[in-house]
Amino acid sequence: QVQLVESGGGSVQAGGSLRLSCAASGRSTFSIKDIGWYRQGLGYQRELVAGISSDGSTKYADSVKGRFTISRDKAENTVHLQMNSLKPEDTAVYYCKHIVEITGLHYQYWGQGTQVTVSS
């Protein structure tokens, strides 16, 4: 079992910045494989915002390229999402998702979500 705790959400004006963090912990020995930040706006489906794999390769949704940066601290089992030049359309609940390996099996875990509100 792995727990994901997100932090860093809040309210900001357009053009501002926020940094989200997601810390993973668990009783079992686990290896984090792929990580993704997703968001879900009111009335919208959950969408992938940014992802980072175990080899460090990253991918971004077109809507956030050049503004958001995903990074991971393997030693701390923490992933960050630096969000700059925020726009009102970035308003959503942001979730982190981890694909982890425990004793050779892969599992998917989601964080509880953190609200990001961008006002114009």
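# Exercises on a predicted model

Tyr 95 is buried, because its relative accessible area is 14% and the cut-off for buried is under 20%. Keep this residue in mind as you work through the exercises below. The model is a predicted one, so every value here is computed from predicted coordinates.

## Exercise 1: Aromatic partners

**Task.** Find which residue forms an edge-to-face aromatic pair with Tyr 95, and place both residues in the chain.

**Solution.**

Step 1. Begin with the count, which comes to two aromatic pairs.

Step 2. One of them joins Tyr 95 to Trp 110, with 6.4 Å from centre to centre and 85° between the planes. Planes over 60 degrees apart count as edge-to-face, and that is how this pair is classed.

Step 3. Now place the two residues. Tyr 95 sits in strand β9 and Trp 110 in strand β10 (residues 105-110); they are 15 residues apart, and the pair links distant parts of the chain.

Step 4. Compare their surroundings. Tyr 95 is buried at 14% relative accessible area, while Trp 110 is partly exposed at 33%.

Step 5. Widen the view: Tyr 38 joins Tyr 95 and Trp 110 in one aromatic cluster.

## Exercise 2: Following the strands

**Task.** Work out which strand β1 (residues 2-7) is joined to by six bridges, and in which direction the two run. Then follow the next step, from β3 to β8.

**Solution.**

Step 1. Six bridges connect β1 to β3, and these strands run antiparallel. For a landmark, look at Val 5, which stands opposite Ala 23 in β3.

Step 2. Go on from β3 to β8: six bridges join these strands as well, and they too run antiparallel. Here Leu 20 has Leu 81 in β8 as its bridge partner.

## Exercise 3: Two serines in loops

**Task.** Decide whether Ser 28 and Ser 53 are buried or partly exposed, and list what each touches beyond its sequence neighbours.

**Solution.**

Step 1. Locate Ser 28 in the loop between β3 (18-26) and β4. Its relative accessible area is 31%, so Ser 28 is partly exposed.

Step 2. Leaving out residues up to four places away in sequence, Ser 28 touches Gln 1 and Ile 102. The C-alpha atom of Ser 28 is separated by 7.7 Å from that of Val 2, although the two residues are 26 apart along the chain.

Step 3. Turn to Ser 53, in the loop between β5 and β6. Ser 53 has 15% relative accessibility and therefore counts as buried.

Step 4. With neighbours within four places set aside, Ser 53 is in contact with Lys 33, Asp 34 and Arg 72. For a distance to check on screen, take Ser 53 and His 80: their C-alpha atoms are separated by 13 Å, with these positions 27 residues apart along the chain.

## Exercise 4: Pockets

**Task.** Give the space in the largest pocket and in the second largest, and say which elements line them.

**Solution.**

Step 1. The largest pocket holds about 190 Å³ of space. Its lining includes Arg 39, Gln 40, Tyr 44, Glu 89, Val 93 and Gln 115. β4 (31-40) and β9 (92-102) are the elements that give two or more residues to this lining.

Step 2. Sort that lining by character: four residues are nonpolar, five polar and three charged.

Step 3. In the second largest pocket there is about 160 Å³ of space. Among the 13 residues that line this pocket, Asp 34, Ile 35, Gly 51, Ile 52 and Lys 59 are the closest to its centre.

Step 4. At least two lining residues come from each of β4, β5 (47-52), β6 (58-60) and β9. β4 gives the most, with four. By character, the lining has five nonpolar, five polar and three charged residues.

## Exercise 5: The cavity

**Task.** State how many cavities of 30 Å³ or more the structure holds, and describe the lining of the largest.

**Solution.**

Step 1. There is one cavity of 30 Å³ or more, and about 30 Å³ of space lies in the largest cavity.

Step 2. Its lining is made up of Ile 32, Ile 35, Arg 72, Asp 73, Lys 74, Asn 77, Thr 78 and Val 79. Two or more of these residues come from each of β4, β7 (68-73) and β8 (78-83).

Step 3. Divide the lining residues and you get three nonpolar, two polar and three charged.

How values were computed:
Residues numbered from 1 in each chain as written. Predicted model: local features only at pLDDT ≥ 70, side-chain atom pairs only at ≥ 80, totals over all residues. Heavy atoms only, no water. 1 Å grid on protein atoms, 1.4 Å probe; cavity = no way out; pocket = protein on both sides within 12 Å on 5 of 7 lines; lining within 4 Å. Points joined across faces, edges and corners; volume = space filled by probe spheres on them. Nonpolar A, V, L, I, M, F, W, Y, C, P; charged D, E, K, R; others polar. Buried < 20%, exposed > 50% of the residue type's maximum accessible area, 1.4 Å probe, protein only. Contact = heavy atoms within 4.5 Å. Pairing = 2+ DSSP bridges. Phe/Tyr/Trp six-rings, centres within 6.5 Å; stacked < 30°, edge-to-face > 60°.
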